[in-house]
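User: Could you walk me through this model, one question at a time?
Analyst: Gladly, let's have a look together.

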Amino acid sequence: MSRMHFTKKDFSIMQTEGLENRMSQIREHIQPVFSQLADSLAEDLSTDTGEELFIHVARHARRSVHPPESTWFGIAPDKRGYKKHPHFQVGLFDDHLFAWLTHMYEVPDKAGIGSMYLDRLSLLTSLPDDYKISPDHTKPDAFYIQENQEKTIHTLERLRDVKKAELLIGRQFDAETASSWNEKETYEYIYGTFKELLPLYHLSLQTV
């Protein structure tokens, strides 16, 4: 039966030993949830942004030995791929769920995006106090924007100046909390996060 919320088992899957075993569990249990969520999110965000958005589920195809520590899907304005575009991303590590506006290192004009975000820093610092920044989509580490404004500026400068830099803006929800939500709550927390980030998303697209 399809569902649109996460369980404790979904998070524990990210501790499954072995690449094939973990990927099998991800495909069987987590990706169907991703599919349900992504369909609704893509429809609503397409309406909000005025452009057609497409769903991309991470396949982790390049991995040959080590299982992924996180798994996710992206929603982007390109049917062929998402990594070269600022995009909305939802996924989980073993201990938390995340909802990010994501700029991966493949985005061509990160320098322009970093400069514009620095020029309009208040768009970030005025976000609710539970919003975070992560400089690396492969790691769970993130910091609160409101509590770390100097670090926020440094991360934006790095996005502007360093070719391999990344920037993720959004929220993390611990596994205990996220697994207690029903479908309506799960959707509202994730979609609500992206609604708050729409001004930044539109700004980032001005350089692409």
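**Pockets and a bent helix**

Analyst: Let's start with the largest pocket of this predicted model: 18 residues line this pocket, and those nearest its centre are His 60, Arg 62, Arg 63, Trp 72 and Lys 83.

User: How many residues in the lining of the largest pocket are charged?
Analyst: The pocket holds about 470 Å³ of space. Its lining contains 8 nonpolar and 4 polar residues. The charged residues in that lining number 6.

User: Which helix gives the largest share of the lining of the second largest pocket?
Analyst: This pocket has a volume of about 180 Å³. Its lining includes Lys 151, His 154, Thr 155 and Arg 158, and it divides into 3 nonpolar, 3 polar and 5 charged residues. With 4 residues, the largest share comes from residues 149–161, helix α5.

User: What distance does helix α2 span between its end C-alpha atoms?
Analyst: Helix α2 covers residues 19–49, and a straight helix of 31 residues would span 45 Å at 1.5 Å a residue. Between its end C-alpha atoms, α2 spans only 37 Å.

User: Where does α2 bend?
Analyst: Here we can look along the helix for a change of direction. The bend is about 40°, and Pro 32 follows within four residues of the bend. The residue at which α2 bends is Ile 30.

User: Which residue follows α2, and is its phi positive or negative?
Analyst: Just past the end of this helix comes Gly 50. The phi of Gly 50 is near 75°, so to speak on the side we call positive.

Technical notes: Residues numbered from 1 in each chain as written. Predicted model: local features only at pLDDT ≥ 70, side-chain atom pairs only at ≥ 80, totals over all residues. Heavy atoms only, no water. Helix = DSSP H or I, 4+ residues; strand = E, 2+ residues; numbered from the N terminus. Expected span 1.5 Å × (residues − 1). Bend = angle between axes of the 7 residues up to and from the residue. 1 Å grid on protein atoms, 1.4 Å probe; cavity = no way out; pocket = protein on both sides within 12 Å on 5 of 7 lines; lining within 4 Å. Points joined across faces, edges and corners; volume = space filled by probe spheres on them. Nonpolar A, V, L, I, M, F, W, Y, C, P; charged D, E, K, R; others polar.
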